[in-house]
Amino acid sequence: MIRAKDIQANLAPEFPSIIKHMVPSNVTGGFCLNLGRKFCDAHLQEEDTTIFLEGEGGKSYPTKYLARKSGLSGGWRCFAIDHNLKGGDIVVFHLVNPTTFKVYIARVNGSQNENGALGLLKLEACVKPMNCISDAVHVENLSKGGEEMKNQVLKPLLLDNPEENSEKNMVIHVTDLGTRSVHSENESEDLGFEITDGIRLSETVVDFKEVKSFNDFDLLVNGLVINCELSKRLQIKYYELCCSQKSFLHEHLLDGLNCKLVAGMLAETINIADAIRASKLTTSQNDFATWENTLKSFQGLGMNVGFLLARLGRLVTLSDKSKRVKVATLERVNAEMERRSLEAKLLEVKETMNRLDFEIETLEMNSENLGRVFEKMATAHW
């Protein structure tokens with residue numbers, strides 16, 4: 001960092017410069033580089049463009065600048081590999097014109113003299129004479145004391161860009177003679193831009209109309225391609241869903257959502273779509289309700305799942321009608337059983353009434369004789 005600051009201090013001050021500490025994501029895997037939002041807003045263009053990096057050999061490398069991500073993507077990989085950049089290297093970017101950086105490297109494993117000379121050799125017309133930085137910690141201090149220097153904490157050097165200027169957030173630990181590891185909470189900006197497990201920075205924003213086949217289909221979230229977060233089978237299924245709507249279903253998701261969260265939403269959307277297509281009239285209302293609530297929550301985050309909710313709504317309506325038919329059929333069966341029961345009771349009542357009618361008729365025919373017999377018995381001698 002001291003060597004990088006020496007280089008930066010001798011650059012023409014009328015041109016802005018920025019120092020970047022290389023982390024693994026910058027120089028391996030996804031090969032992306034975040035330049036810092038404040039620096040980019042202040043000095044770079046507001047739209048995506050090509051920015052040239054002029055390296056140690058004078059060769060110019062075209063790179064893709066993504067304004068929304070404040071970073072370099074396509075072309076940066078070639079530059080990093082050609083210049084053998086490693087994690088821990090410090091790189092000075094000097095913006096000599098709106099689309100060109102001159103680049104100077106202070107290598108983590110190189111000596112101070114080698115790296116200082118290498119940097120100074122590249123300072124052409126825009127470099128002023130080398131002067132000592134009065135407030136810098138001299139490199140000679142690093143060679144003193146051997147073991148007593150280990151684990152000491154050096155006062156950090158403040159960088160020109162405010163994003164890097166935080167003494168409380170940056171600590172330089174001397175872990176070995178002449179070797180330093182820089183740990184900074186400010187690196188969260190880089191880590192947020194870090195590409196891991198196959199996630200990579202997208203070079204362009206693709207309209208779905210440009211997708212002609214599955215081979216052209218990428219899952220783009222917050223400027224990152226997250227294909228690796230879904231299996232090939234799920235990717236194909238999601239591609240088919242998108243084709244059915246002629247758009248990326250996640251295109252209007254809220255900005256800043258975690259990539260793994262979005263991948264989980266896509267996977268669950270696919271699962272629900274499959275479940276809807278496999279549903280039967282016997283599918284429970286609880287399942288339908290769960291799918292509906294999940295899709296509505298995704299819709300609230302910006303997922304285009306309206307067509308799934310519409311299909312689900314129609315299926316629920318048909319399912320309700322089917323269940324009503326079954327309920328009505330059961331009610332009719334119960335009513336028929338009750339009718340038969342009532343008919344049996346009515347027949348029994350009719351039989352009772354017929355029996356009583358016959359009894360009444362017989363008694364009426366014998367009523368006169370009964371009167372005479374009664375009178376005779378009542379008046380008979382004791």
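**Exercise 1.** In this predicted model, work out how α8 and helix α10 (residues 306-365) are arranged relative to each other, and which residues bring them into contact.

*Solution.* Start with the geometry: the axes of α8 and α10 cross at roughly 30 degrees and come within 11 Å. Next, compare the angle with the cut-off: angles under 35 degrees count as roughly parallel. α8 and α10 are therefore roughly parallel to each other. Then look at the handedness, and you will find a left-handed crossing of α8 and α10. Finally, list the residues: α8 offers T269, A273 and I276, while α10 offers L308, R311, L312 and L315. Sorted by class, this contact of α8 with α10 has five nonpolar residues, one polar and one charged.

**Exercise 2.** Now turn to helix α7 (residues 232-245) and helix α8 (residues 259-278), and describe how they pack.

*Solution.* Begin with the two numbers for the pair: an angle of about 70 degrees and axes 10 Å apart. That angle makes α7 roughly perpendicular to α8. For the contact itself, take one side at a time. From α7 come L234, K237, Y238 and L241. From α8 they are met by L266, A267, I270, A273 and D274. The class count for α7 with α8 is seven nonpolar and two charged residues, with no polar ones.

**Exercise 3.** Describe the packing of α8 with helix α9 (residues 285-300), and sort the residues of their contact by class.

*Solution.* First, the geometry: α8 and α9 pack at about 145 degrees, and their axes lie 11 Å apart. Second, the handedness: α8 passes α9 in a left-handed crossing. Third, the residues: M265, E268, T269, I272, A275 and I276 of α8 touch W291, T294, L295 and F298 of α9. Fourth, the classes: the contact of α8 with α9 divides into seven nonpolar, two polar and one charged.

**Exercise 4.** Leave the helices and find the largest pocket: how much space lies in it, and what lines it?

*Solution.* Take the volume as your opening step: about 620 Å³ of space lies in the largest pocket. Then count the lining, which comes to 33 residues. Nearest the centre of the pocket are S202, T204, L220, V221 and G223. Moving to elements, β11 (200-201) and β12 (220-221) are those that give two or more residues to the lining. To finish, split the lining by class: 15 residues are nonpolar, nine polar and nine charged.

Methods
Residues are numbered from 1 along each chain as its sequence is written. This is a predicted model: local features need pLDDT of at least 70, side-chain atom pairs count only at pLDDT 80 or more; totals for chains, interfaces and linings use all residues. Side-chain values use heavy atoms; hydrogens and water are left out. Axes are lines fitted to C-alpha atoms, for helices over the stretch in contact, and angles run from 0 to 180 degrees between N-to-C directions. Helices (H or I, at least four residues) and strands (E, at least two) are DSSP runs, numbered from the N terminus. Angles under 35 degrees count as roughly parallel, over 145 as roughly antiparallel, 65 to 115 as roughly perpendicular and the rest as oblique. Contact means heavy atoms within 4.5 Å. Ala, Val, Leu, Ile, Met, Phe, Trp, Tyr, Cys and Pro count as nonpolar, Asp, Glu, Lys and Arg as charged, and the others, Gly among them, as polar. A crossing is left-handed if the near helix is turned anticlockwise from the far one by less than a right angle, and right-handed if clockwise. On a 1 Å grid over the protein atoms alone, a cavity is a set of points where a 1.4 Å probe fits but cannot get out, and a pocket is an open set with protein on both sides within 12 Å along at least five of seven lines; lining residues have an atom within 4 Å of a point. Grid points are joined across faces, edges and corners, and a volume is the space filled by probe spheres set on the points.
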